[in-house]
Structure formats: structure tokens, C-alpha cells
Amino acid sequence: MKYIRLLFYILFISKTIVTWGGENIGGLSFRAYEYSKDERTSFIIPSGNQGVRFKDYLSVSFDLKIREKGEHFGYVCRMIVDNRNSLNLILVNPVNEEPYLCLIKDQQYLGKIHSSATIDIHEWNRIKIELEYKNDTLYVRNNGSLISKEKVTAPDNHSVKVCFGANKLASYTTSDVAPIILKDVQIGLEPGSIKYEWSLEQAVSDTLLQDKFRQMTAFISNPEWIINSHIYWKHRKTLSFSSKTFPVPCEEQSACYFIAKDRIVKYDLIRSTTKEYVFSPLIDVNRITNQFLFVPLKDKGSQLVYYDFEKPDGENLSFFGSSSNLVVLLLL
């Protein structure tokens, strides 16, 4: 018996696949504890030894989500002000509790990131940190809601170093990197305006990355660009069949079905899992062509159908009906 080995590659670039994945293309994924310390990701603003200069006001905002896989612990963002104070956004994972984000100013615990709405750290959240030295106040917002307001004091004319992930700065070195995905980083020096911006949508090969307005350069090391998983072929699964096999995508289920002479294999594109359905009678796969498709049925989702062009109208559809794990080809 001739076996056909199917090497299944999925290209995450089409609109359909993006819809299946439920995620917008773009972002910087940080290498965390699954890598050695020297291979973990850094994104530091600005590059070099100097900081971002500001006087009375500073805002740092970014889109953030936590990868579901990996150790849920580590630094998300560390802001070093005037090389003597730090504000840290940290992911913690207490025993018998769900992991959460919290703020620590120097050695002072400011509390969890929360708001009136339930926050899912595995979905995108827009974090905004504002320093208003004119009012001696620190504001932290999540998705537009004020979640923290603290008193801060400092002299005029400041500089800040914004570090995402690992860094090797004196007195503030850390290799404890949280498994984050980051995008749309913005820095403002006046309320309501953006001075520097990094979208992090496109992959770069250099360690220096200019902002959108070409006014400041950030340093980046060991990046994992989300866009690369959408534009390069990636081996996901190997499936073996004992006959000629027809692939049939089903967008509604985020799946692809493979129809062989005696079985259907469903491959879940999101979870990378398979489920097998045996059916009878056997299909003469050498006689037919790939005229399978999924059609929507009212209040029943989609159903797998075979369309036979050689039969007259009313007799040309064959439906696949299921009972437990047995799939029967129902001929009209």
C-alpha cells in the first residue's frame, strides 16, 4: 500500500489566518526564562549612556500582553529616573494565585495593575505611566482607566532610561525577563502629545532602532519579531495517510480537515491538535477530485459537503453527518 506523507506548513500572513489567530500582526516577543541569560531580550530607550531629557512632564505608554506559555515572572518595564529612582512594572506569580502585574517604586510596593473592568493579562492592555513633577504626582492608567496615583518629588530637569526586559545598566542590572509581547511604545514630553514612537511592527536586523519621527534611537537585542511568524513558512505538523487525501479549510472552526478514503482528520490551527473521524462506506478517492467545502447551515454552523458536477441539480450534494466519532457519507 502506498503511503502519502503530508508535511503540513501554515503561513500566518493571510487575512483569514490572522482572523483565526485572533491577533493583529506585529509586536516584539521577549525571550525569557526559556533562554540563557545572555540570550534574553532587551529593548532600551534611548541607546547609549544618556537618558530621555524632560522637565515637568513625562509619559510612557505601550501595548502589552503576556504569553500564556513560560514562567510568569520577571520585569516588564523598568524606568530609571535621574539615575537614582526606579519605577518597575513586574509580573508576579504567587503560589495558589493567578499571575498579575504590579508596580514597585524603588523598594515601595504600589499595588496591582487593576481597574473597574476585569483585566486579562494574556490579551492586549494599554499601559500608560505619567510623571507630573509640577504636581509631584505619578499616574498609572490601564486601557484609559486610572489605576494608581502616587506622590513623587524631584528637582527640575530630569532624564529617564526606559528598559523593557533585560538590561545591564549599573545598579539596575536584571536578567529576570517576563514572557511579554510589546508594541506601540510612545513617549511624550508634554500632556496630550507624542514625542517618540516605536510601533515594533516590522522586523529589523540591527541593534539600533530609530523612532517613527527619527528623533531618537533605541537599543534592541535578541528580538523575536511576531511578524516573522506570519511571513515565513513554518512546519507545524506531520500527518500520514494511506490514500490520496484532500485538504479542506474551515474558517469558522479555525481548522483544516483532511479527507482520506476511510477517515477525516481535523487539524486545529490554534491549538495544533488533531482529531480523527472514521467513516463508511469508503470513498473512491482516485475517482473524485477535491470538490469538498464547508457550507453554512442555519443555526447549525458549517457542514462538510461534496459537490458532484456530473450529477443533476438536486442530486449533486453529499453531506457528511456525524454520530459520535463515526462519520457517515449521506448521499442525496
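This is a short walk through a predicted model, starting in its interior and moving out to a few individual residues.

Let us begin with the largest nonpolar core. This core has 51 residues, and the members that touch the most other members are F43, I45, F62, M79, L89 and W198. Strand β5, which covers residues 57-66, supplies the largest share of this core, with five residues. Apart from this core lies another one, made of 17 residues, including F246, C250, L304 and F320. We will come back to F246 a little later.

W198 is a good residue to stop at. Leaving out residues up to four places away in sequence, W198 touches F43 and I45, then K183, D184, V185 and I187, then L209, Q210 and D211, and finally M216, T217 and A218. Two of these partners, F43 and I45, are also on the list of core members that touch the most others.

Now look at the aromatic rings. Nine aromatic pairs turn up when the whole structure is searched. In one of them, F43 meets W198 edge-to-face, with 6.3 Å from centre to centre and 80° between the planes. This pair links distant parts of the chain, since F43 sits in strand β3 (residues 42-45) and W198 in strand β15 (residues 196-198), 155 residues apart. Are F43 and W198 buried or exposed? Both of them are buried.

A second pair joins F62 and F164. Their arrangement is also edge-to-face, at 5.1 Å centre to centre and with 85° between the planes. Here too distant parts of the chain are linked: F62 belongs to strand β5, F164 to strand β13 (residues 158-165), and 102 residues separate them. F62 and F164 are both buried. With Y196 added, the residues of these two pairs make up one aromatic cluster: F43, F62, F164, Y196 and W198.

Strand β5 has another residue worth a visit, S61. S61 counts as buried because its relative accessibility is 4%, and buried means under 20%. The S61 side chain makes a polar contact with the side chain of R126, at 3.1 Å. Setting aside neighbours within four places in sequence, the residues in contact with S61 are R126, I127, K128, D184, V185 and Q186. Among these, D184 and V185 are also touched by W198.

Some rings have a lysine over their face. K183, another residue that W198 touches, lies over the face of W124, at 4.4 Å from the ring centre. K112 lies over the face of Y100, at 4.4 Å from the ring centre. Y100 also leads us to D120: the two are 20 residues apart in sequence, and their C-alpha atoms are 9.1 Å apart in space. D120 is in the loop between β9 (108-112) and β10 (125-132). Why does D120 count as partly exposed? The reason is its relative accessibility of 37%, because partly exposed covers values between 20% and 50%.

Our last stop is I288, in the loop between β23 (273-280) and β24 (292-297). Although I288 is in a loop, this residue counts as buried, because its relative accessibility is 8%. Which residues is I288 in contact with, leaving aside neighbours within four places in sequence? They are K244, F246, I283 and Y306. F246 is the residue mentioned earlier as one of the members of the 17-residue core. As for Y306, this residue is 18 residues from I288 along the chain, with 9.8 Å between the two C-alpha atoms.

Conventions
Residues are numbered from 1 along each chain as its sequence is written. This is a predicted model: local features need pLDDT of at least 70, side-chain atom pairs count only at pLDDT 80 or more; totals for chains, interfaces and linings use all residues. Side-chain values use heavy atoms; hydrogens and water are left out. A nonpolar core is a set of buried Ala, Val, Leu, Ile, Met, Phe, Trp, Tyr and Cys residues joined through side-chain atoms within 4.5 Å. Buried means under 20% relative accessible area, exposed over 50%, partly exposed in between (1.4 Å probe, protein chains only). Helices (H or I, at least four residues) and strands (E, at least two) are DSSP runs, numbered from the N terminus. Contact means heavy atoms within 4.5 Å. Rings of Phe, Tyr and Trp (its six-membered ring) pair if their centres lie within 6.5 Å; planes under 30 degrees apart count as stacked, over 60 as edge-to-face and the rest as tilted. A charge sits over a ring if NZ of Lys or CZ of Arg is within 6 Å of the ring centre and within 35 degrees of the ring normal. A polar contact is a pair of N or O atoms within 3.5 Å; within protein, one must be able to donate a hydrogen and the other to accept it, and residues adjacent in sequence count only if both atoms are side-chain atoms.
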